[in-house]
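User: I would like to go through the labels attached to this model and see what each one rests on. Please set each value against its cut-off.

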Amino acid sequence: MTVEVHRDPWGVPSVRAGDVLTLARAQGREVARDRGWQIEVERHRAQGTSAAFLGEEALEWDLFARRARLADTARRCVERLDPSTSSWLTAYTEGVTEGLAEPGSPGPEFAAAGVRPGRWEPWVPLAVWLSAHVLFSGLPSKWWRDVARRALGPDAVGWFATDGPATAGSNGWLLPGSRTASGSALLAGDPHRVIEAPGVYQQIRLVCPEFDVVGLAVPGVPGIAHFGHTGAVAWGITNAMADYQDLYRERLRRRGGRVEALGPEGWREASAHTETVEVRGGEPVTVEIVETGRGPLVAGGADEGTGVSLRHVPRVEGDLGFSALLPLLRARTVADVDAAVDAWVEPVNVLMAADTSGGLLHRVAGRVPVRHRDNGAGPVPAWQARYAWQGRFAEPPRAAVPECGAVMANQAGLAAPLGVEFAAPHRAARIRELLDSRERWTARDMAAVHTDTHLGSARTLLALLPPADDLDPAAGAVRERLLRWDRSMAADSADAGLYAALRAAVVRRLTAHPVFAPLAALAAEEGARLPAVFAPWLAFPPRVAFALDTLLTPGTVPGLDPAAEVAGALAEVAASGVPPRPWGEAHLLAAWQALPEPAVPRPGLSGDHDCVLSTSGVPGLAEHAWRGPAARWVWDLGDRADSGWVVPFGAHGTPGHPHAYDQLPLWREGALVPVPAAGPAGPGPSTAPDAQKESPFMAFPLSDATPVHEEAVAGFGTVTVVPVDPKRDGELIHHWVSQERAAFWGMVGKSREEVEDIYSYLDSLTTHHAFLVLRDREPVGLFQTYEPTADVVGECYEVAEGDYGVHLFIAPAEHGREEGFTGVLLPVFMRFVLKEPSRRRIVVEPDTRNERAVARLVRTGFELGPEIELPDKRARLAFLRRETVTGLL
């Protein structure tokens, strides 16, 4: 079947084929042609065979890949794929193998390394994906948290609870049509990962009769997973910073030639075998692979009697989420995207999407196992049953997109209930500030956000500068210059360089401070004992460097005087007499590459870890930037041709190729190149809005339900409260909660089946209940109750005896509701709830943005409490005491 490939002026391929499988095969061939060396390195890394041609530097990773059983897990997952995905994956890998075998392949890197391409089998893309993301969530930070707790007590864990360059991140934002010049939504963002050459994303357009998609593919993996635009719907992700992998401390012994591990049920045999890792220029290394009932051992061993095992969803479930990839390509609406990513597994992401009909989506995608809270704090004892997984997954949080738009930058936002450590709020706050600075945006305008270099975290340090009267002239001059600085980490800014010098001095002083000596010593001891692949997470100075916000807050660390340390650092910088140099002279791009030659360009960069332009080194240790935007993208739902993207280097992976580094100057300056619009034309997805459903309102069949409360209200009618029947009422409730006016209810974009599933789950609980509210047999609302001790709300405040939580949703009406409608119903619900004498206080938590609801509660007699962060919203607690409403009962 005919395949057409067209390349735009930047070498970005547009690939067109007559059917999905032919297209997958063609995509595989194109990635082999453009990125053959890169994907072969990744294949070997996933198998733990890269040291055979890269040498001893690759050994530690190979040992980890073998012990963690990455390739075996990928094989397990591919065996359980549905037939459609399996055939698609097979076609892609056949294309890769064909492309690697073409005349002219392999490239010069293969000859330099003394290796030839191998055959790609269907499990390989899954192994490549797993290898790239197995440490994505900062899993080894559990060792760090355990070390901090043991050295300085549980409070110390919070002092260092932030992200660092060893953890991948992203910026992402979504503007609804009301905030854009075109009247259609805009999405934009940039994933922050270790910068590699070639880059970790490949720009591509895929066209067949079923879809026409542009997006950023992961070389070696078919389709477009993280960032895509189908013409009718577009999506992008950020790292949710969720905690979805566990470490278990294992007790091990050898008995009768077998390895046994102690679990909750006692000693059980563990699987064990040995493998040999070949090392170029060195002796082969033999490693014992042990897997207990929790998972494969990634540290320790049977001869030591102890070890640490890794438990994660792909290994346990045999599922890596690849069944989501084809449906994403075929998506036409946010509902399609929503349904597709229900199958997503790992990594856990926050996803935003928009379509041409005005649909918006903001949710978490991925599987987070339900287990004991302590599992997130560090390795837990494998032999204690309370730390076992409970056999189910957390409900992925979701939220309505507010009128001002949605922003995610790895902060403790939507995914807060699922994680332990999050990024500081500086990037998210700055993006919001920038987006709010103008009413209407275009795709072209987004560069102003992508390239912003304001360093919000500088505020904490600069606030501790001593008064001028306490300083000598040299230190006073440095102080005044820093206070005049605009806090922009621009590459050409000497003031930014001066701030970096002061920050580095502060980091050095704090690292050497006696209060942290026990922690520094224990971190070094554990770092030397554990496999070297985990060393970046246990290095003490970087932990200090990225925790300055907290460590420099007066009163946080007992025995530490932050102002004195800043004053000492200022004196050091001033006394050095070294003129500050522009920030870009130190902040050089330092990309990872498998082979050291030829060297990758190293331009000076603007930005810093906490800037929107997040280019990260390690302050005080290594200011060069080895983490940063692995791509930038803008998706325009008004016209896809107005969308743009850029990658750090180029479309091709071979040094010396015309498209190897041609995007680097644009990436450095913040410019985008247009997505390919010429070349193979694809089918134009329909952008016509869905027809509006007719209202399903009808007289409710009371014979189908037993009322739990009923009363006549003078001048209003008879109010009846009946339990929700998910099957009977599913269509009606879905019609109510899927409308934009119901955004605060948090179910916009859900299908009828999903709504039914939610209320079926509620119906199964003894602590949560849902009711329909009828007015003269017409359904007019939903009323839900819950016991706070069994709800996430109860984790956000001190629950008092007799507290009882409620939610109220007033349904839409064809001609609207009369003034005071809700005010009439509220006393009815209070009487219903407080009929039970043990209930002493009603608890509600409306969305903070729902100002009308908050005001109504105050008028009714509720007392406002604090604001709290819930999975799907920021809420305002409010309480109504029984004594306040005695006259209503």
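User: Why is helix α3 described as largely enclosed by the rest of the structure?

Analyst: Helix α3 spans residues 59-68, and 9 of its 10 residues are buried, so the helix is largely enclosed. Buried means under 20% relative accessible area, exposed means over 50%, and partly exposed covers what is in between, with a 1.4 Å probe and protein chains only. The buried residues of α3 are L59, W61, D62, L63, F64, A65, R66, R67 and A68. Helices here are DSSP runs of H or I with at least four residues, strands are runs of E with at least two, and both are numbered from the N terminus. This is a predicted model, in which local features need pLDDT of at least 70 and side-chain atom pairs count only at pLDDT 80 or more, while totals for chains, interfaces and linings use all residues. Residues are numbered from 1 along each chain as its sequence is written, and side-chain values use heavy atoms, leaving out hydrogens and water.

User: Which residue just after α3 takes a positive phi?

Analyst: R69 does, at about 60°.

User: What makes α1 oblique to α5?

Analyst: Helix α1 (residues 20-47) packs on helix α5 (residues 83-100) at about 45°, with the axes 6 Å apart. Angles under 35 degrees count as roughly parallel, over 145 as roughly antiparallel, 65 to 115 as roughly perpendicular and the rest as oblique. The angle therefore makes α1 oblique to α5. Axes are lines fitted to C-alpha atoms, for helices over the stretch in contact, and the angles run from 0 to 180 degrees between N-to-C directions.

User: Which residues of α1 and α5 meet, and how do they divide by type?

Analyst: Contact means heavy atoms within 4.5 Å. Among the residues that meet are V20, L21, A24 and R25 of α1, and S87, W88, A91 and Y92 of α5. The residues of this contact divide into 11 nonpolar, 6 polar and 5 charged. Ala, Val, Leu, Ile, Met, Phe, Trp, Tyr, Cys and Pro count as nonpolar, Asp, Glu, Lys and Arg as charged, and the others, including Gly, as polar.

User: What makes α1 roughly perpendicular to α7?

Analyst: The angle between α1 and helix α7 (residues 124-133) is about 80°, with their axes 8 Å apart. That value makes α1 roughly perpendicular to α7. The contact joins E42, R43, R45 and A46 of α1 to V124, A127, V128 and S131 of α7. These residues divide into 4 nonpolar, 1 polar and 3 charged.

User: Why are α25 and α26 called oblique to each other?

Analyst: Helix α25 (residues 726-737) and helix α26 (residues 752-764) pack at about 120°, and their axes are 9 Å apart. The two are therefore oblique to each other. Their contact includes P726, K727 and G730 of α25 and R752, V755 and E756 of α26.

User: How do you know whether H652 is buried or exposed?

Analyst: The relative accessible area of H652 is 13%, and H652 is therefore buried. H652 is found in the loop between β22 (644-646) and α24 (664-669).

User: What does the side chain of H652 reach?

Analyst: The backbone oxygen of R33, at 3.4 Å. A polar contact is a pair of N or O atoms within 3.5 Å; within protein, one must be able to donate a hydrogen and the other to accept it, and residues adjacent in sequence count only if both atoms are side-chain atoms. Leaving aside neighbours within four places in sequence, H652 is in contact with R33, D34, R35, H657, H659 and A660.

User: Why is Q384 called partly exposed, and L326 buried?

Analyst: Q384 has 30% relative accessibility and so counts as partly exposed. L326, in helix α11 (residues 325-330), is at 2% and so counts as buried. Setting aside residues up to four places away in sequence, L326 touches V20, S84 and W88.

User: What makes M241 worth flagging?

Analyst: Most residues other than glycine have a negative phi, and most peptide bonds are trans. Phi of M241 is near 60°, a positive value in a residue other than glycine. M241 is buried, at 8% relative accessible area.

User: Which bond is cis in the loop between β4 (186-194) and β5?

Analyst: The peptide bond joining A197 and P198 is cis, with omega about 0°. P198 is in that loop.
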